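Good morning, colleagues. Please take a moment to look at the sequence and the structure on the screen before I begin.

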Amino acid sequence: MTRIVIAGGGLGGLTCARVLQVHGVEAVVCERDAGPGARVQGGTLDLTVDEGQWALQEAGLAAGYRAIARPEGQDMVLYDASGTLLRREITPDTGDARWSRPEADRPALRKLLLDALAAGTVHWGHAVTRAERSADGRYRVHLDGGETLDCDFLVGADGARSRVRPLLTPAEPVPTGVNSVELVIHDADRAHPAASALVGRGSFSALGQQRVLSAQRNGDGTIRVHLALRGAEDWVETSGIPFGAPDRARVALKELFAGWAPEFVALLDATSGPVTPMRLAALPVGIRWDHQPGVTLIGDAAHLMSPFAGQGANLAMRDGAELALVLARGGEVREFEEVMLERAAASARMSAENLELFLSDGAAEAVRDLFASFAGEAVVGDDRR
Ligand SMILES: Cc1cc2nc3c(=O)[nH]c(=O)nc-3n(C[C@H](O)[C@H](O)[C@H](O)COP(=O)(O)OP(=O)(O)OC[C@H]3O[C@@H](n4cnc5c(N)ncnc54)[C@H](O)[C@@H]3O)c2cc1C
């Protein structure tokens, strides 16, 4: 029997393993994390009908998904920095539109997939250090600690810093020139009613001065606040913001939003706990490689992009499910790669354009117009005031 090893148990790798198992094909997932709760998975994701939701359908998990999804999480408000409301979208209470891009918490999604896998599928604490092609055409995976695993087919689903990618391409992620900072408001409804009301059931964004201040409700009572700021690759070290001392970091970050509507800056006061900076990097738009038998990449390992198109997890899941179907049916992985990379290129282009748009001068009005142009295909009412 063909032995399949999947490096990385994120949403892409787990979806791939689950769809393989639905079709009676076993796979082993080597995951670096020590266990399912080893790392805060954070955040909420909206799954699209044709990508994330399609993949869960193929995984036999459509009903499980509906049980954890929050359609009302599609509500959004968009403001400029001074506090002028530019757009409000409200999710209808009934109808198919509720299910066009419902939100679900990433930990709940990951749990849905993990619970569906056969026991022992995920080998926790198994970090891949490198992989190589053996003389017999199989692949050997080297694990941290010295152990090796041989396989007939190797899937690189190990994210941005993939250890499998060098088998196919020398491409590496490059900084986008934008950095993100995440902060969390805990127990929002009870402890921070003003912040809770501002964010509503879904998401809040304010744009201006080449900066983004956004906040999104999660299903666990938290609101995650994200800042996006232009800055060089070493911004985290050179900005002077003491990220290791969260309370001082919050004060320094507030200074970057001086002059913004006070109720927006107050969102930062409502946060507690760590202040987590993230350098946003991306692989080249339109990345390709020469097909090699017995190995491929999916998700961020294949086509990392900035989060400004909101597509990365959706693509990773679609890639994982599609690849599983190809492997289970003895199809052509080369053709799978063609389709995957073309689909990813379109999203990566959109992501790069959106990044520039959201951090441009006059971003708020431009983004309002962008959202309005989607309104036909989206869901939702426009209750502009
Ligand atoms: C701030 C932010 C917001 C985002 N919002 C959205 C959104 O709204 N919608 C959306 O669709 N996407 C969003 N994304 C993108 C999305 O998070 C990613 O595209 C998605 O998680 C990619 O899934 P993946 O399975 O390919 O990789 P990952 O989620 O990165 O999973 C890779 C897995 O591999 C493991 N791993 C890594 N290295 C190794 C190794 N050497 N050996 C073994 N295991 C390893 C990791 O521990 C991890 O579990 C966002 C990203 C960011 C940063």
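In what order do the 3 strands of the open antiparallel sheet lie? The order is 8-9-10. Strand 8, residues 128-133, and strand 10, residues 148-151, form the edges, and each of them pairs on one side only. From one strand to the next, the twist averages 20°.

I should state at once that this is a predicted model. The mean pLDDT of the protein is 94, and 97% of its residues reach 70 or more. Over residues 377-385, however, the pLDDT is below 50; beyond near neighbours in sequence, that stretch has 20 contacts in the model.

Let me return to the antiparallel sheet. Strand 9, which covers residues 139-143, is joined to strand 10 by 4 bridges in the antiparallel sense. Tyrosine 139 faces cysteine 151 of strand 10 across this pairing. Side chains connect these two strands as well: arginine 140 makes a salt bridge with aspartate 150, with 2.7 Å between the closest N and O atoms. This pair links distant parts of the chain, since arginine 140 belongs to strand 9 and aspartate 150 to strand 10, 10 residues apart. Arginine 140 has a relative accessibility of 32% and therefore counts as partly exposed. Aspartate 150 is also partly exposed, because its relative accessible area is 24%.

The second sheet is of another kind. Its 5 strands form an open sheet in the order 7-2-1-11-17, and the pairing is parallel. The edges here are strand 7, residues 122-123, and strand 17, residues 295-297, each paired on one side only. Strand 2, residues 28-30, runs parallel to strand 7, and 2 bridges join them. Within that region, cysteine 30 stands opposite histidine 123 of strand 7. Helix 12, residues 333-358, lies across strand 11, residues 153-156, and strand 17, and runs at about 15° to strand 17.

I turn now to the charged side chains. How many salt bridges does the structure hold? The count is 22. One of them joins lysine 111 to aspartate 115, at 2.6 Å from N to O. Both residues lie in helix 4, residues 106-116, and the spacing of 4 residues is about one turn of the helix. Aspartate 115 counts as exposed because its relative accessibility is 55%, the cut-off for that class being over 50%.

A further salt bridge connects glutamate 322 and arginine 318, at 2.8 Å from N to O. These two residues are 4 residues apart in helix 11, residues 312-329, so about one helical turn separates them. Are they buried or exposed? Glutamate 322 and arginine 318 are both buried. Salt bridges with shared partners join Arg318, Asp319, Glu322 and Arg343 into one network.

Helix 11 also brings us to the interior. The largest nonpolar core has 66 residues, of which Ile6, Leu56 and Leu154 touch the most other members. Helix 11 gives the most to this core, with 7 residues. Leaving aside neighbours within four places in sequence, the contacts of leucine 56 include Leu47, Leu61, Tyr65, Leu109, Leu112 and Met317. There is also a second, separate core of 35 residues, with Ala195, Ala206, Phe257 and Trp260 among them.

Thank you for your attention.

Conventions:
Residues numbered from 1 in each chain as written. Predicted model: local features only at pLDDT ≥ 70, side-chain atom pairs only at ≥ 80, totals over all residues. Heavy atoms only, no water. Pairing = 2+ DSSP bridges. Axes fitted to C-alpha atoms, helices over the stretch in contact; angles between N-to-C directions. Salt bridge = Lys/Arg side-chain N within 4 Å of Asp/Glu carboxyl O. Buried < 20%, exposed > 50% of the residue type's maximum accessible area, 1.4 Å probe, protein only. Core = buried A, V, L, I, M, F, W, Y, C linked by side-chain atoms within 4.5 Å. Contact = heavy atoms within 4.5 Å. pLDDT = per-residue confidence, 0-100.
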